[in-house]
Amino acid sequence: MIPVCRIEDLPAGESVRLDLEPPIAVFNADGELYAIDDTCTHQDASLSEGWLEGCLVECPLHAASFDLRTGRPTCLPARKAVRTHPVSVLDGTVWVHIESAQPAQTSHTAAAGQGSAA
Amino acid sequence: MNTITVIGASLAGLHAALALRSEGYDGRLVMIGEEHHRPYDRPPLSKEFLTGALTAERLSLADAEEIAELDADWLLGTRAEGLDPPSRTVTLTDGRRLSTDGVVLATGAVPRTLPGEPLAGVHTLRTLDDAAALREELSRGQVRVVVIGAGFIGAEVASSCATLGHSVTVVEAAAQPLLPQLGARMAAFCADLHTDHGVTLLTGTGVRALHPDGRRSARGDGAGGEQQRVGWVELADGRSLPADVVVVGIGVRPATDWLEGSGIPLDDGVVCDAGGVTPVPGVVAVGDVARAAGHRAEHWTSAMEAPTVAARNLLAGTTVETYTALPYFWSDQYGIRLQLAGSRAGADTVRLVEGSPEDRSFLAVYERDDGTPTAVLAANRPRPFMRARRELARAGMAAV
(Lines give C-alpha, C1' and ligand atoms only; values in the text may rest on other atoms or scores of the structure.)
Protein backbone atom coordinates (compact mmCIF):
# COMPACT_ATOMS: atom_id res chain seq x y z
CA MET A 1 0.00 0.00 0.00
CA ILE A 2 1.22 3.44 -0.86
CA PRO A 3 -0.06 6.59 0.85
CA VAL A 4 -1.41 9.15 -1.59
CA CYS A 5 -2.53 12.20 0.39
CA ARG A 6 -5.04 13.31 2.98
CA ILE A 7 -8.61 12.88 1.78
CA GLU A 8 -9.27 16.61 2.18
CA ASP A 9 -6.43 17.29 -0.26
CA LEU A 10 -8.23 15.35 -2.99
CA PRO A 11 -11.57 17.09 -3.44
CA ALA A 12 -14.15 16.01 -6.00
CA GLY A 13 -12.99 16.60 -9.56
CA GLU A 14 -9.31 16.60 -8.63
CA SER A 15 -6.51 14.14 -9.23
CA VAL A 16 -3.09 13.29 -7.85
CA ARG A 17 -0.20 11.84 -9.79
CA LEU A 18 2.13 9.40 -8.01
CA ASP A 19 5.59 9.50 -9.51
CA LEU A 20 6.11 5.75 -9.44
CA GLU A 21 7.38 3.44 -12.12
CA PRO A 22 5.00 3.38 -13.92
CA PRO A 23 3.25 6.51 -12.60
CA ILE A 24 -0.25 6.17 -11.15
CA ALA A 25 -3.11 8.68 -11.14
CA VAL A 26 -5.66 8.83 -8.32
CA PHE A 27 -8.98 10.58 -9.01
CA ASN A 28 -11.85 11.80 -6.91
CA ALA A 29 -14.83 11.39 -9.22
CA ASP A 30 -17.76 12.96 -7.40
CA GLY A 31 -16.73 11.36 -4.10
CA GLU A 32 -15.61 7.99 -5.44
CA LEU A 33 -11.86 7.39 -5.50
CA TYR A 34 -10.17 5.56 -8.37
CA ALA A 35 -6.58 4.81 -9.26
CA ILE A 36 -5.31 3.91 -12.73
CA ASP A 37 -1.98 3.87 -14.52
CA ASP A 38 -1.28 7.50 -15.32
CA THR A 39 0.14 7.16 -18.81
CA CYS A 40 -2.33 7.01 -21.68
CA THR A 41 -2.03 3.72 -23.57
CA HIS A 42 -2.17 5.62 -26.84
CA GLN A 43 0.72 8.04 -26.53
CA ASP A 44 2.82 9.63 -23.87
CA ALA A 45 0.43 11.82 -21.91
CA SER A 46 -0.49 12.04 -18.23
CA LEU A 47 -4.11 11.10 -17.52
CA SER A 48 -3.94 12.89 -14.16
CA GLU A 49 -3.90 16.05 -16.29
CA GLY A 50 -7.02 14.86 -18.08
CA TRP A 51 -10.60 16.03 -18.07
CA LEU A 52 -12.75 14.28 -15.48
CA GLU A 53 -16.42 13.82 -16.22
CA GLY A 54 -18.36 11.31 -14.15
CA CYS A 55 -16.35 8.09 -14.18
CA LEU A 56 -14.55 8.97 -17.40
CA VAL A 57 -11.23 10.71 -17.82
CA GLU A 58 -10.29 12.24 -21.14
CA CYS A 59 -6.63 12.25 -22.15
CA PRO A 60 -5.29 15.81 -22.46
CA LEU A 61 -3.39 15.06 -25.66
CA HIS A 62 -5.74 13.24 -28.04
CA ALA A 63 -9.01 13.02 -26.15
CA ALA A 64 -8.95 9.26 -25.68
CA SER A 65 -11.36 8.48 -22.85
CA PHE A 66 -11.01 5.82 -20.14
CA ASP A 67 -13.53 4.41 -17.68
CA LEU A 68 -11.97 4.80 -14.23
CA ARG A 69 -13.88 1.76 -12.93
CA THR A 70 -12.50 -0.69 -15.47
CA GLY A 71 -9.57 1.09 -17.10
CA ARG A 72 -11.07 0.35 -20.48
CA PRO A 73 -10.96 2.94 -23.24
CA THR A 74 -14.40 4.19 -24.24
CA CYS A 75 -13.34 5.74 -27.52
CA LEU A 76 -10.45 6.02 -29.96
CA PRO A 77 -7.62 6.66 -30.31
CA ALA A 78 -6.82 4.50 -27.26
CA ARG A 79 -7.36 0.81 -27.84
CA LYS A 80 -5.73 -0.73 -24.80
CA ALA A 81 -6.92 -0.49 -21.23
CA VAL A 82 -4.95 1.09 -18.41
CA ARG A 83 -4.50 -0.94 -15.23
CA THR A 84 -6.79 -0.10 -12.33
CA HIS A 85 -5.70 -0.21 -8.69
CA PRO A 86 -7.80 -0.49 -5.52
CA VAL A 87 -8.01 2.64 -3.37
CA SER A 88 -8.93 2.86 0.29
CA VAL A 89 -9.19 5.56 2.95
CA LEU A 90 -7.85 4.84 6.42
CA ASP A 91 -8.06 7.46 9.16
CA GLY A 92 -8.37 10.22 6.58
CA THR A 93 -5.44 9.08 4.45
CA VAL A 94 -5.91 7.86 0.89
CA TRP A 95 -4.00 4.67 0.08
CA VAL A 96 -3.52 2.96 -3.24
CA HIS A 97 -2.87 -0.77 -3.50
CA ILE A 98 -0.62 -1.26 -6.47
CA GLU A 99 -1.54 -4.27 -8.53
CA SER A 100 1.52 -6.32 -9.35
CA ALA A 101 3.25 -5.81 -12.66
CA GLN A 102 0.64 -7.74 -14.58
CA PRO A 103 0.22 -6.78 -18.18
CA ALA A 104 -2.57 -4.33 -18.79
CA GLN A 105 -5.95 -5.73 -19.61
CA THR A 106 -6.40 -5.36 -23.29
CA SER A 107 -9.50 -4.89 -25.31
CA HIS A 108 -8.19 -7.61 -27.59
CA THR A 109 -6.50 -10.77 -26.47
CA ALA A 110 -4.13 -10.66 -29.42
CA ALA A 111 -2.42 -7.65 -27.92
CA ALA A 112 -1.99 -9.15 -24.45
CA GLY A 113 1.51 -9.17 -23.07
CA GLN A 114 2.57 -5.90 -24.63
CA GLY A 115 3.03 -4.34 -21.23
CA SER A 116 1.13 -1.58 -19.59
CA ALA A 117 1.81 2.06 -19.98
CA ALA A 118 2.88 3.42 -23.32
CA MET B 1 -23.17 -0.19 -52.02
CA ASN B 2 -21.39 -3.44 -52.67
CA THR B 3 -17.81 -2.17 -52.87
CA ILE B 4 -16.15 0.81 -51.23
CA THR B 5 -12.53 1.63 -52.02
CA VAL B 6 -10.48 3.65 -49.56
CA ILE B 7 -7.53 5.21 -51.34
CA GLY B 8 -4.83 5.97 -48.81
CA ALA B 9 -4.11 3.63 -45.90
CA SER B 10 -2.96 5.97 -43.17
CA LEU B 11 -4.79 7.54 -40.22
CA ALA B 12 -7.70 9.05 -42.17
CA GLY B 13 -8.17 6.07 -44.48
CA LEU B 14 -8.08 3.61 -41.61
CA HIS B 15 -10.59 5.59 -39.59
CA ALA B 16 -12.88 5.89 -42.61
CA ALA B 17 -12.76 2.11 -42.94
CA LEU B 18 -13.39 1.57 -39.22
CA ALA B 19 -16.31 4.00 -39.36
CA LEU B 20 -17.83 2.32 -42.43
CA ARG B 21 -17.84 -0.99 -40.58
CA SER B 22 -19.17 0.44 -37.34
CA GLU B 23 -21.93 2.13 -39.34
CA GLY B 24 -22.96 -1.31 -40.52
CA TYR B 25 -21.46 -1.41 -43.99
CA ASP B 26 -20.86 -5.10 -44.69
CA GLY B 27 -19.91 -5.02 -48.37
CA ARG B 28 -16.47 -5.37 -49.90
CA LEU B 29 -13.93 -2.93 -48.51
CA VAL B 30 -10.71 -2.31 -50.43
CA MET B 31 -7.79 -0.45 -48.86
CA ILE B 32 -5.15 0.92 -51.23
CA GLY B 33 -1.87 2.12 -49.74
CA GLU B 34 1.21 3.39 -51.54
CA GLU B 35 3.44 2.37 -48.65
CA HIS B 36 4.08 -1.26 -47.86
CA HIS B 37 3.19 -0.74 -44.21
CA ARG B 38 -0.14 -1.28 -42.53
CA PRO B 39 -1.50 1.96 -41.04
CA TYR B 40 0.86 3.51 -38.53
CA ASP B 41 0.99 6.71 -36.54
CA ARG B 42 3.06 9.50 -38.07
CA PRO B 43 3.45 12.08 -35.26
CA PRO B 44 6.14 10.11 -33.37
CA LEU B 45 8.28 9.87 -36.53
CA SER B 46 9.89 13.27 -35.91
CA LYS B 47 10.11 12.68 -32.16
CA GLU B 48 10.30 9.39 -30.26
CA PHE B 49 10.93 7.28 -33.35
CA LEU B 50 13.78 9.50 -34.49
CA THR B 51 15.45 9.50 -31.09
CA GLY B 52 15.05 5.72 -30.80
CA ALA B 53 12.62 5.81 -27.86
CA LEU B 54 9.92 4.11 -29.94
CA THR B 55 10.25 1.27 -32.40
CA ALA B 56 8.26 0.88 -35.62
CA GLU B 57 6.13 -1.88 -34.07
CA ARG B 58 4.81 0.56 -31.48
CA LEU B 59 3.54 2.91 -34.18
CA SER B 60 0.89 0.51 -35.47
CA LEU B 61 -2.60 2.02 -35.59
CA ALA B 62 -4.36 -1.33 -35.65
CA ASP B 63 -3.33 -4.73 -34.29
CA ALA B 64 -3.81 -8.05 -36.05
CA GLU B 65 -7.21 -8.66 -34.52
CA GLU B 66 -8.50 -5.23 -35.49
CA ILE B 67 -7.22 -5.72 -39.02
CA ALA B 68 -9.00 -9.08 -39.17
CA GLU B 69 -12.24 -7.56 -37.84
CA LEU B 70 -12.09 -4.88 -40.52
CA ASP B 71 -12.33 -7.62 -43.13
CA ALA B 72 -10.80 -5.51 -45.90
CA ASP B 73 -8.80 -6.38 -49.00
CA TRP B 74 -5.45 -4.67 -48.55
CA LEU B 75 -3.59 -3.58 -51.65
CA LEU B 76 -0.38 -2.17 -50.22
CA GLY B 77 2.72 -0.99 -52.03
CA THR B 78 0.61 0.17 -54.94
CA ARG B 79 -0.73 3.55 -55.92
CA ALA B 80 -3.98 4.68 -57.42
CA GLU B 81 -3.12 6.28 -60.77
CA GLY B 82 -6.54 7.40 -61.81
CA LEU B 83 -10.19 7.63 -60.92
CA ASP B 84 -12.97 7.60 -63.49
CA PRO B 85 -16.18 8.56 -61.70
CA PRO B 86 -18.61 7.85 -64.60
CA SER B 87 -17.50 4.22 -64.80
CA ARG B 88 -16.68 4.05 -61.08
CA THR B 89 -13.24 2.67 -61.79
CA VAL B 90 -9.96 3.07 -59.96
CA THR B 91 -6.77 2.37 -61.90
CA LEU B 92 -3.65 1.24 -60.06
CA THR B 93 0.01 1.74 -60.96
CA ASP B 94 0.34 -1.88 -61.97
CA GLY B 95 -2.47 -1.43 -64.50
CA ARG B 96 -5.14 -3.17 -62.45
CA ARG B 97 -8.60 -1.67 -62.69
CA LEU B 98 -10.99 -1.89 -59.76
CA SER B 99 -14.73 -1.39 -59.99
CA THR B 100 -16.19 0.33 -56.98
CA ASP B 101 -19.45 1.90 -55.85
CA GLY B 102 -18.02 4.30 -53.32
CA VAL B 103 -14.65 5.99 -52.95
CA VAL B 104 -12.92 7.54 -49.94
CA LEU B 105 -10.07 9.80 -51.00
CA ALA B 106 -7.44 9.72 -48.25
CA THR B 107 -4.17 10.10 -50.12
CA GLY B 108 -2.80 12.69 -47.71
CA ALA B 109 -0.02 15.05 -48.65
CA VAL B 110 3.55 14.88 -49.86
CA PRO B 111 6.45 16.97 -48.59
CA ARG B 112 7.58 19.89 -50.69
CA THR B 113 11.15 19.58 -51.88
CA LEU B 114 13.81 21.98 -53.08
CA PRO B 115 14.67 22.13 -56.78
CA GLY B 116 17.94 20.66 -57.98
CA GLU B 117 19.58 17.27 -58.40
CA PRO B 118 18.74 14.75 -55.67
CA LEU B 119 21.66 14.40 -53.24
CA ALA B 120 22.34 11.68 -50.71
CA GLY B 121 22.00 12.99 -47.17
CA VAL B 122 19.02 15.21 -48.02
CA HIS B 123 15.81 14.10 -46.38
CA THR B 124 12.16 14.92 -46.09
CA LEU B 125 10.10 13.42 -43.30
CA ARG B 126 6.63 12.06 -43.92
CA THR B 127 6.73 8.29 -43.97
CA LEU B 128 8.14 5.58 -41.77
CA ASP B 129 10.70 4.81 -44.46
CA ASP B 130 11.71 8.48 -44.56
CA ALA B 131 12.18 8.48 -40.80
CA ALA B 132 14.08 5.19 -40.78
CA ALA B 133 16.48 6.51 -43.43
CA LEU B 134 17.07 9.71 -41.47
CA ARG B 135 17.47 7.82 -38.20
CA GLU B 136 20.07 5.61 -39.83
CA GLU B 137 22.12 8.64 -40.87
CA LEU B 138 21.87 10.10 -37.39
CA SER B 139 23.21 6.92 -35.83
CA ARG B 140 26.73 7.11 -37.25
CA GLY B 141 28.24 9.48 -34.75
CA GLN B 142 27.93 13.23 -34.45
CA VAL B 143 27.01 15.00 -37.68
CA ARG B 144 26.23 18.54 -38.78
CA VAL B 145 22.50 18.76 -39.45
CA VAL B 146 20.88 21.64 -41.31
CA VAL B 147 17.11 21.76 -40.97
CA ILE B 148 15.43 23.87 -43.63
CA GLY B 149 12.16 25.30 -42.35
CA ALA B 150 11.33 26.07 -38.71
CA GLY B 151 7.74 24.87 -38.80
CA PHE B 152 6.51 22.14 -36.50
CA ILE B 153 8.22 19.29 -38.34
CA GLY B 154 11.45 21.25 -38.63
CA ALA B 155 11.38 22.22 -34.96
CA GLU B 156 10.67 18.68 -33.83
CA VAL B 157 13.40 17.23 -36.01
CA ALA B 158 15.86 19.87 -34.76
CA SER B 159 14.89 19.05 -31.19
CA SER B 160 15.35 15.31 -31.77
CA CYS B 161 18.72 15.85 -33.48
CA ALA B 162 19.87 18.05 -30.59
CA THR B 163 18.77 15.35 -28.13
CA LEU B 164 20.90 12.88 -30.07
CA GLY B 165 23.91 15.17 -29.65
CA HIS B 166 24.21 16.45 -33.19
CA SER B 167 25.21 19.94 -34.19
CA VAL B 168 22.04 21.53 -35.52
CA THR B 169 21.29 24.67 -37.55
CA VAL B 170 17.74 25.63 -38.46
CA VAL B 171 17.15 27.93 -41.45
CA GLU B 172 13.86 29.80 -41.69
CA ALA B 173 12.90 32.11 -44.55
CA ALA B 174 10.45 34.13 -42.44
CA ALA B 175 11.59 36.62 -39.80
CA GLN B 176 10.54 34.22 -37.03
CA PRO B 177 9.56 30.57 -36.79
CA LEU B 178 5.82 29.77 -36.87
CA LEU B 179 4.98 33.44 -37.36
CA PRO B 180 1.72 32.89 -39.31
CA GLN B 181 0.57 30.21 -36.89
CA LEU B 182 1.42 31.87 -33.57
CA GLY B 183 2.06 35.58 -34.10
CA ALA B 184 5.22 37.49 -33.21
CA ARG B 185 5.21 37.15 -29.43
CA MET B 186 4.78 33.39 -29.32
CA ALA B 187 7.02 32.94 -32.36
CA ALA B 188 9.76 34.59 -30.29
CA PHE B 189 9.11 32.01 -27.58
CA CYS B 190 9.55 29.20 -30.12
CA ALA B 191 12.75 30.79 -31.42
CA ASP B 192 14.10 30.82 -27.86
CA LEU B 193 13.41 27.10 -27.49
CA HIS B 194 15.88 26.41 -30.29
CA THR B 195 18.63 28.62 -28.93
CA ASP B 196 18.06 27.39 -25.34
CA HIS B 197 19.16 23.98 -26.50
CA GLY B 198 22.25 24.98 -28.43
CA VAL B 199 20.57 24.92 -31.82
CA THR B 200 21.51 27.75 -34.18
CA LEU B 201 18.49 29.48 -35.68
CA LEU B 202 18.98 31.56 -38.82
CA THR B 203 15.86 33.48 -39.80
CA GLY B 204 14.96 35.84 -42.61
CA THR B 205 16.92 33.96 -45.21
CA GLY B 206 15.91 31.34 -47.69
CA VAL B 207 18.02 28.62 -49.26
CA ARG B 208 19.49 29.21 -52.71
CA ALA B 209 20.89 25.75 -53.35
CA LEU B 210 22.19 22.52 -51.88
CA HIS B 211 25.67 21.59 -53.01
CA PRO B 212 27.47 18.25 -53.17
CA ASP B 213 30.67 17.64 -51.24
CA GLY B 214 32.36 16.01 -54.21
CA ARG B 215 32.17 12.47 -52.81
CA ARG B 216 29.80 9.87 -54.15
CA SER B 217 27.84 7.41 -52.10
CA ALA B 218 25.28 4.66 -52.58
CA ARG B 219 21.88 6.00 -53.40
CA GLY B 220 19.78 6.50 -50.31
CA ASP B 221 16.56 5.49 -52.01
CA GLY B 222 17.61 1.92 -52.55
CA ALA B 223 17.35 2.31 -56.32
CA GLY B 224 20.94 1.22 -56.78
CA GLY B 225 23.81 3.14 -58.31
CA GLU B 226 25.51 6.12 -56.80
CA GLN B 227 24.61 9.70 -56.22
CA GLN B 228 26.51 12.67 -54.94
CA ARG B 229 26.33 13.46 -51.28
CA VAL B 230 25.32 16.83 -49.88
CA GLY B 231 28.18 18.90 -48.53
CA TRP B 232 26.91 22.39 -47.91
CA VAL B 233 23.88 24.62 -48.01
CA GLU B 234 24.03 27.95 -49.83
CA LEU B 235 21.73 30.54 -48.31
CA ALA B 236 19.96 33.26 -50.27
CA ASP B 237 22.01 35.90 -48.45
CA GLY B 238 25.23 34.30 -49.66
CA ARG B 239 26.25 32.51 -46.48
CA SER B 240 27.20 28.86 -46.70
CA LEU B 241 26.59 26.19 -44.09
CA PRO B 242 28.54 22.93 -44.05
CA ALA B 243 26.12 20.02 -43.76
CA ASP B 244 26.42 16.25 -43.42
CA VAL B 245 22.66 15.80 -43.26
CA VAL B 246 19.93 18.14 -44.51
CA VAL B 247 16.29 17.84 -43.52
CA VAL B 248 13.84 19.78 -45.67
CA GLY B 249 10.70 20.70 -43.74
CA ILE B 250 9.06 23.34 -45.90
CA GLY B 251 5.49 22.10 -45.86
CA VAL B 252 3.44 19.68 -47.85
CA ARG B 253 1.15 19.71 -50.83
CA PRO B 254 -1.97 17.58 -51.08
CA ALA B 255 -1.50 14.36 -53.06
CA THR B 256 -3.96 15.12 -55.83
CA ASP B 257 -1.81 14.87 -58.99
CA TRP B 258 -3.37 11.50 -59.79
CA LEU B 259 -6.84 13.07 -59.81
CA GLU B 260 -6.07 15.65 -62.51
CA GLY B 261 -8.65 15.30 -65.27
CA SER B 262 -10.86 12.98 -63.23
CA GLY B 263 -13.63 15.52 -62.82
CA ILE B 264 -13.05 15.66 -59.07
CA PRO B 265 -12.75 19.39 -58.28
CA LEU B 266 -9.28 20.29 -57.04
CA ASP B 267 -8.06 23.49 -55.43
CA ASP B 268 -5.18 22.95 -53.01
CA GLY B 269 -6.81 19.65 -52.14
CA VAL B 270 -9.99 17.82 -53.00
CA VAL B 271 -12.84 20.29 -52.79
CA CYS B 272 -15.57 18.97 -50.53
CA ASP B 273 -18.14 20.25 -48.06
CA ALA B 274 -17.88 20.25 -44.28
CA GLY B 275 -19.03 16.65 -44.31
CA GLY B 276 -16.23 15.54 -46.64
CA VAL B 277 -18.68 15.09 -49.53
CA THR B 278 -17.41 16.04 -53.00
CA PRO B 279 -19.73 17.18 -55.79
CA VAL B 280 -19.11 13.82 -57.47
CA PRO B 281 -21.64 11.23 -56.27
CA GLY B 282 -20.18 8.40 -54.23
CA VAL B 283 -16.87 10.16 -53.56
CA VAL B 284 -15.82 11.62 -50.21
CA ALA B 285 -12.48 13.04 -49.08
CA VAL B 286 -10.80 12.92 -45.67
CA GLY B 287 -7.53 13.81 -43.99
CA ASP B 288 -4.79 16.09 -45.30
CA VAL B 289 -5.96 15.81 -48.90
CA ALA B 290 -9.44 17.18 -48.20
CA ARG B 291 -10.25 20.85 -48.58
CA ALA B 292 -13.41 20.80 -46.51
CA ALA B 293 -15.65 23.86 -46.63
CA GLY B 294 -12.76 25.95 -47.96
CA HIS B 295 -10.21 24.85 -45.40
CA ARG B 296 -7.56 22.16 -45.63
CA ALA B 297 -6.42 20.96 -42.22
CA GLU B 298 -3.16 19.09 -41.79
CA HIS B 299 -3.99 17.99 -38.27
CA TRP B 300 -3.89 14.53 -36.79
CA THR B 301 -7.10 14.97 -34.81
CA SER B 302 -9.24 16.00 -37.77
CA ALA B 303 -7.73 13.17 -39.82
CA MET B 304 -8.93 10.79 -37.11
CA GLU B 305 -12.35 12.30 -36.43
CA ALA B 306 -13.66 13.69 -39.72
CA PRO B 307 -13.67 10.28 -41.48
CA THR B 308 -16.47 9.07 -39.21
CA VAL B 309 -18.64 11.89 -40.50
CA ALA B 310 -17.58 11.34 -44.11
CA ALA B 311 -18.32 7.61 -43.84
CA ARG B 312 -21.86 8.30 -42.66
CA ASN B 313 -22.38 10.74 -45.51
CA LEU B 314 -20.99 8.29 -48.05
CA LEU B 315 -23.37 5.58 -46.88
CA ALA B 316 -26.28 8.03 -46.78
CA GLY B 317 -25.52 9.24 -50.31
CA THR B 318 -25.70 12.85 -49.19
CA THR B 319 -24.43 15.18 -46.48
CA VAL B 320 -26.38 14.24 -43.37
CA GLU B 321 -23.70 15.45 -40.96
CA THR B 322 -20.85 17.96 -40.90
CA TYR B 323 -17.58 17.96 -38.97
CA THR B 324 -17.29 21.15 -36.97
CA ALA B 325 -14.70 20.47 -34.26
CA LEU B 326 -12.23 23.21 -33.40
CA PRO B 327 -8.90 22.81 -35.15
CA TYR B 328 -6.44 21.32 -32.66
CA PHE B 329 -2.87 20.24 -32.79
CA TRP B 330 0.09 19.70 -30.56
CA SER B 331 3.85 19.67 -30.95
CA ASP B 332 6.52 18.27 -28.65
CA GLN B 333 9.85 20.04 -28.93
CA TYR B 334 12.74 20.46 -26.51
CA GLY B 335 10.77 18.87 -23.70
CA ILE B 336 7.91 21.36 -24.13
CA ARG B 337 4.43 20.25 -25.13
CA LEU B 338 2.73 22.96 -27.19
CA GLN B 339 -1.00 22.71 -27.75
CA LEU B 340 -3.04 25.04 -29.94
CA ALA B 341 -6.79 24.99 -30.53
CA GLY B 342 -8.95 27.30 -32.57
CA SER B 343 -8.35 29.52 -35.57
CA ARG B 344 -6.14 32.47 -34.93
CA ALA B 345 -6.36 35.40 -37.37
CA GLY B 346 -3.35 37.56 -38.13
CA ALA B 347 -4.71 40.63 -36.40
CA ASP B 348 -5.60 38.84 -33.15
CA THR B 349 -3.71 39.80 -30.04
CA VAL B 350 -2.38 37.30 -27.54
CA ARG B 351 -3.02 37.54 -23.80
CA LEU B 352 -1.30 35.44 -21.15
CA VAL B 353 -3.80 33.80 -18.82
CA GLU B 354 -1.35 31.99 -16.56
CA GLY B 355 2.34 31.22 -16.41
CA SER B 356 4.85 32.90 -18.69
CA PRO B 357 6.98 32.12 -21.73
CA GLU B 358 10.05 32.79 -19.56
CA ASP B 359 9.00 29.90 -17.30
CA ARG B 360 8.41 27.75 -20.41
CA SER B 361 4.95 27.02 -19.08
CA PHE B 362 1.89 29.10 -19.86
CA LEU B 363 -1.65 29.33 -21.13
CA ALA B 364 -2.43 32.13 -23.58
CA VAL B 365 -5.54 33.13 -25.44
CA TYR B 366 -5.75 34.86 -28.81
CA GLU B 367 -8.46 37.49 -29.05
CA ARG B 368 -10.04 39.79 -31.59
CA ASP B 369 -10.25 43.55 -31.06
CA ASP B 370 -13.56 43.13 -29.26
CA GLY B 371 -12.16 40.52 -26.89
CA THR B 372 -13.74 37.51 -28.62
CA PRO B 373 -11.42 34.54 -28.12
CA THR B 374 -10.31 32.80 -31.33
CA ALA B 375 -7.63 30.37 -30.20
CA VAL B 376 -5.80 29.09 -27.14
CA LEU B 377 -2.14 28.14 -26.89
CA ALA B 378 -0.44 26.31 -24.03
CA ALA B 379 3.08 25.21 -23.24
CA ASN B 380 3.29 22.43 -20.65
CA ARG B 381 -0.14 23.29 -19.24
CA PRO B 382 -2.30 20.39 -20.40
CA ARG B 383 -5.09 20.68 -17.86
CA PRO B 384 -5.71 24.43 -18.10
CA PHE B 385 -5.46 24.01 -21.86
CA MET B 386 -8.22 21.37 -21.86
CA ARG B 387 -10.49 23.68 -19.90
CA ALA B 388 -9.76 26.62 -22.20
CA ARG B 389 -10.23 24.48 -25.29
CA ARG B 390 -13.65 23.37 -24.07
CA GLU B 391 -14.66 26.92 -23.22
CA LEU B 392 -13.55 28.05 -26.65
CA ALA B 393 -15.57 25.28 -28.31
CA ARG B 394 -18.64 26.26 -26.28
CA ALA B 395 -18.19 29.94 -27.10
CA GLY B 396 -17.86 29.04 -30.78
CA MET B 397 -21.04 27.01 -30.60
CA ALA B 398 -22.88 29.87 -28.90
CA ALA B 399 -21.70 32.28 -31.57
CA VAL B 400 -23.15 30.16 -34.39
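# A tour of chains A and B

Start at the interface of this predicted model, where eleven residues of chain B are in contact with ten residues of chain A. On the chain B side, select helix 3 (64-70), helix 7 (300-316) and helix 8 (382-399), each of which supplies at least two residues to the surface that touches chain A. Helix 8 of chain B gives the largest share, four residues. Colouring this side of chain B by residue class should show six nonpolar, one polar and four charged residues.

Stay with helix 7 of chain B and add helix 1 (residues 11-22) of chain B to the selection: the two axes come within 8 Å and cross at roughly 35 degrees, and the crossing is right-handed. From helix 1 of chain B, the residues to display are Leu11(B), Ala12(B), His15(B), Ala16(B), Ala19(B) and Leu20(B), which meet Trp300(B), Ala303(B), Met304(B), Pro307(B), Thr308(B), Ala310(B) and Ala311(B) in helix 7 of chain B. The residues of this contact divide into eleven nonpolar, two polar and no charged.

Next, colour chain B by its domains, which are domain 1 (3-110 + 253-316), domain 2 (113-248) and domain 3 (335-399). The centres of domain 1 of chain B and domain 3 of chain B, taken over C-alpha atoms, are separated by 31 Å. Then select residues 328-395 of chain B, where UniProt, in an unreviewed entry, places the feature "domain: Reductase C-terminal". This span is 21% helix and 51% strand, and its end C-alpha atoms lie 16 Å apart.

Within that span, zoom in on Tyr334(B), found in the loop between strand 21 (328-333) and strand 22 (336-342) of chain B. Tyr334(B) has a positive phi of about 55 degrees although it is not a glycine. Tyr334(B) counts as partly exposed because 19 other C-beta atoms lie within 10 Å, whereas 20 or more would make a residue buried.

Now move to chain A, whose secondary structure comes to zero helices and eleven strands. Buried residues make up 39% of the 118 residues in chain A, and of the contacts in chain A with a separation of 6 or more, 42% are between residues 24 or more positions apart. An unreviewed UniProt entry carries the annotation "domain: Rieske" over residues 2-96 of chain A. The end C-alpha atoms of that span lie 5 Å apart, and the span is 0% helix and 45% strand.

Three loops of chain A deserve a look at their backbone. In the loop between strand 2 (15-18) and strand 3 (24-29) of chain A, select Pro22(A); the peptide bond from Glu21(A) to Pro22(A) is cis, with omega near 0 degrees. Follow the chain to Asp30(A), in the loop between strand 3 and strand 4 (32-37) of chain A, where phi is near 50 degrees, a positive value in a residue other than glycine. Asp30(A) is exposed, because 11 other C-beta atoms lie within 10 Å. Another cis peptide bond, with omega near 10 degrees, runs from Leu76(A) to Pro77(A), and Pro77(A) lies in the loop between strand 8 (73-75) and strand 9 (84-85) of chain A.

Finish at Asp67(A), in strand 7 (residues 65-67) of chain A. With 18 other C-beta atoms within 10 Å, Asp67(A) is partly exposed. Leaving aside neighbours within four places in sequence, show its contacts Cys55(A), Leu56(A), Arg72(A) and Thr74(A). For a final distance, pick the C-alpha atoms of Asp67(A) and Asp91(A), which are 24 residues apart along the chain and separated by 28 Å.

Definitions and conventions. Residues numbered from 1 in each chain as written. Chains lettered and ligands numbered in written order. Predicted model: local features only at pLDDT ≥ 70, side-chain atom pairs only at ≥ 80, totals over all residues. UniProt positions renumbered as here; feature names shortened; annotations may be inferred. Domains from an automatic or database assignment. Contact = placed C-beta atoms within 7 Å. Nonpolar A, V, L, I, M, F, W, Y, C, P; charged D, E, K, R; others polar. Buried ≥ 20, exposed ≤ 12 C-beta atoms within 10 Å, placed from the backbone. Axes fitted to C-alpha atoms, helices over the stretch in contact; angles between N-to-C directions. Left-handed = near helix turned anticlockwise from the far one by under 90°.
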